[in-house]
Amino acid sequence: MGRDEDECGIYHACNLGEGDIRGACPKGWHLPSQSEWEALIVAVDGSITEYTSSNTAGTKLKSATGWTAYSGITNEDAFGFSALPAGTRYHPIGNYGYKGYGTYFWSSTEEIISYPAYRHAYLMGLDYGNDYAGKYDNDKVYGHSVRCIKDSE
């Protein structure tokens with residue numbers, strides 16, 4: 001555990017196993033893997049046994065306040081996850097946007113793509129107009145939020 005940005009950051013392939021990266025997290029914590037995000041979504045939804053994009057976990061993970069209003073969607077924050085719509089930093093010029101409309105959380109799971117200079121990683125995303133928690137990937141030069149998971153003892 002505990003690889004840092006010099007080994008796994010922008011333009012680097014980590015090729016790590018599940019839950020094997022500390023990244024921006026403090027000692028004793030790690031960035032969740034894609035499968036850990038999927039497990040959270042399944043547990044929070046309560047009516048599915050594996051990840052599907054038709055889950056309802058989004059409304060249960062979003063903070064009840066701070067999100068741009070959307071007709072027909074009420075955020076419950078049923079589990080105290082309290083995801084705020086932090087937005088994202090766009091590459092290559094560093095513009096910031098989408099605040100109030102969505103948030104994305106990095107995972108430690110990389111995606112294998114054909115261009116070695118551009119390394120992608122998976123993320124979990126919440127959008128203001130959707131009741132689901134989505135699974136996406138993005139180039140690691142983009143800026144997204146992180147949530148850390150306490151390492152098992």
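This report walks through the overall build of a predicted protein model, then its cavity and one of its strands.

## The overall build

Let's start with the big picture. The protein chain has 3 helices and 7 strands. Reading from the N terminus, the order is α-β-α-α-β-β-β-β-β-β. In other words, the chain opens with a helix, a strand and two helices, and then runs through strands to the end of the list.

How much of the chain is tucked away? Of the 153 residues in the protein chain, 40% are buried. As for what faces outward, the accessible surface comes to about 8,300 Å², and carbon and sulfur atoms hold 51% of that.

It also helps to look at who touches whom along the sequence. Among contacts in the protein chain with a separation of 6 or more, 47% are between residues 24 or more positions apart.

## The cavity

Are there holes inside, and how many? A search of the whole structure turns up 1 cavity of 30 Å³ or more. The volume of this cavity is about 50 Å³.

Its walls are made by Q34, W37, E38, I41, S107, Y122, L123, M124, G134 and K135. Helix 2 (34-45), strand 5 (120-127) and strand 6 (133-139) are the elements that each give two or more residues to this lining. Helix 2 supplies the largest share, with 4 residues. In character, the lining is a mix: 5 nonpolar residues, 3 polar and 2 charged.

## Strand 5 and its neighbours

Strand 5 has already come up as a contributor to the cavity lining, and here is a closer look. Why can strand 5 be called largely enclosed by the rest of the structure? The reason is that 7 of its 8 residues are buried, where buried means under 20% relative accessible area.

Which strands pair with strand 5? One of them is strand 4 (residues 102-111), which pairs with strand 5 in the antiparallel sense over 7 bridges. Within this part of the structure, T103 has L126 of strand 5 as its bridge partner.

Strand 6 is another partner: strand 5 and strand 6 run antiparallel and are joined by 7 bridges. Here L123 stands opposite Y136 of strand 6. L123 is also one of the residues lining the cavity. To get from strand 5 to strand 6, the chain makes a hairpin through 5 residues.

One general point is handy when you look at strands like these: in a regular strand, the side chains alternate between the two faces of the sheet.

Notes. Residues are numbered from 1 along each chain as its sequence is written. This is a predicted model: local features need pLDDT of at least 70, side-chain atom pairs count only at pLDDT 80 or more; totals for chains, interfaces and linings use all residues. Side-chain values use heavy atoms; hydrogens and water are left out. Buried means under 20% relative accessible area, exposed over 50%, partly exposed in between (1.4 Å probe, protein chains only). Contact means heavy atoms within 4.5 Å. Accessible areas come from the Shrake-Rupley method with a 1.4 Å probe; for residues, only the protein chains shown count as cover. On a 1 Å grid over the protein atoms alone, a cavity is a set of points where a 1.4 Å probe fits but cannot get out, and a pocket is an open set with protein on both sides within 12 Å along at least five of seven lines; lining residues have an atom within 4 Å of a point. Grid points are joined across faces, edges and corners, and a volume is the space filled by probe spheres set on the points. Ala, Val, Leu, Ile, Met, Phe, Trp, Tyr, Cys and Pro count as nonpolar, Asp, Glu, Lys and Arg as charged, and the others, Gly among them, as polar. Two strands pair if DSSP finds at least two bridges between them.
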